[in-house]
Amino acid sequence: MPERNAASALVLLVPDVEQVVEPWRERYDPRAAEGIPAHVTVLYPWLTPAEIGPTELAALAEIAAARPVLDLVFGRVGQFHRGLWLAPDPAEPVLRLIDAVTTRWPDHLPYGGAYLDDADDVGPHLTVALGQGPDELRALAQEVTGRLPLTTRVDRLDLVVCDDDGNWSLRDSFAFAARATTDAAGTP
């Protein structure tokens, strides 16, 4: 996810999952120390904080409002590039959100387009660990798998920004559309 002094990112924060993965992230993910909570990246890098104005915020609000609240299950562990991640299921709504954002800002591809041709592309994911060797990752994967599945409801798209010291913080949130409720007979 984000590197020091990188601009901004659009993410799905998952506080319910954070409660479980936080000890692993604090120990194995250097991004946690930069103030980045557990999340699924939608778009990084995005704009610099100075480039984010009312027009961009309104566009994010519109994109988010067109999407329903997401109920995600993290039930699968994967490994890539000396890292360990959890895959959200279903991934399709997250992929549609990524597509909507990159369609609106076509000059800003996920991870700068670095993984477009990568055979190991994992798609949407929540990073638990970065920079460990294979043996440590295998042991960690077994430990994490024992706590799965993790479920959460995501009701917004979050904008996080990086300051000049490389620390990340939440700048704004954009609500997804509320789901229609039904009565006992299944009538909306």
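Arg156 counts as partly exposed in this predicted model, with a relative accessibility of 29%; the term covers the range between buried (under 20% relative accessible area) and exposed (over 50%), assessed with a 1.4 Å probe on protein chains only. The side chain of Arg156 takes part in a salt bridge with Asp155, in which the closest N and O atoms are 3.2 Å apart. A salt bridge is here a side-chain nitrogen of Lys or Arg within 4 Å of a carboxyl oxygen of Asp or Glu. Arg156 also meets Asp158 in a salt bridge, at 3.0 Å from N to O. The two acidic partners can be described by their accessibility: Asp155 is partly exposed at 38%, whereas Asp158 is buried at 0%.

The model is predicted, and local features therefore require a pLDDT of at least 70, side-chain atom pairs count only at pLDDT 80 or more, and totals for chains, interfaces and linings use all residues. Residues are numbered from 1 along each chain as its sequence is written, and side-chain values use heavy atoms, with hydrogens and water left out.

The salt-bridge rule gives a count of 6 for the structure. In general, side chains of opposite charge can pair when their charged atoms come close. One of these bridges joins Glu18 to Arg25, with 3.5 Å between the closest N and O atoms. Both partners are buried, Glu18 at 14% relative accessibility and Arg25 at 1%. Together with Asp29, Glu18 and Arg25 are linked in a network of salt bridges.

Arg25 and Asp29 also appear among the residues touched by Thr127, along with His39, Phe80, Leu84 and Trp85, when residues up to four places away in sequence are not counted. Contact means heavy atoms within 4.5 Å. Thr127 lies in strand S5 and counts as buried, at 12% relative accessibility.

Arg67 presents another case of a charged residue. Arg67 is placed in the loop between helix H2 (54-65) and strand S3 (70-80). Arg67 is buried yet has no salt bridge, and the nearest side chain of opposite charge, that of Asp99, is 6.7 Å away. For this purpose Lys and Arg count as positive and Asp and Glu as negative, while His and the chain ends are not counted. Beyond four places in sequence, Arg67 touches Arg96, Leu97, Ala100, Phe176 and Ala177.

As a whole, the protein chain contains 4 helices and 8 strands, where helices (H or I, at least four residues) and strands (E, at least two) are DSSP runs numbered from the N terminus. Their order along the sequence is β-α-β-α-β-β-α-β-α-β-β-β. Of the 188 residues, 46% count as buried. The chain exposes about 9700 Å², of which carbon and sulfur atoms supply 50%; these areas come from the Shrake-Rupley method with a 1.4 Å probe, and for residues only the protein chains shown count as cover. Among contacts with a separation of 6 or more, 78% are accounted for by residues 24 or more positions apart.

In soluble globular proteins, nonpolar side chains tend to be buried together. The largest nonpolar core has 46 residues, and those with the most contacts inside it are Leu12, Leu126 and Leu157. Such a core is a set of buried Ala, Val, Leu, Ile, Met, Phe, Trp, Tyr and Cys residues joined through side-chain atoms within 4.5 Å. A second, separate core of 8 residues includes Leu13, Ile36, Tyr44 and Val160. Apart from neighbours within four places in sequence, Leu157 is in contact with residues including Leu10, Leu12, Val42, Leu60, Leu97 and Phe174.

A search of the whole structure finds 3 aromatic pairs. Rings of Phe, Tyr and Trp (its six-membered ring) pair if their centres lie within 6.5 Å; planes under 30 degrees apart count as stacked, over 60 as edge-to-face and the rest as tilted. The rings of Tyr44 and Trp168 have centres 6.3 Å apart and planes at 70°, so this pair is edge-to-face. Tyr44 lies in the loop between strand S2 (39-43) and H2, and Trp168 in strand S8 (residues 168-175), so the pair ties together parts that are 124 residues apart in sequence. Tyr44 and Trp168 are both buried. Phe80 and Trp85 form a tilted pair, with 6.3 Å from centre to centre and 45° between the planes. Both Phe80 and Trp85 are buried.
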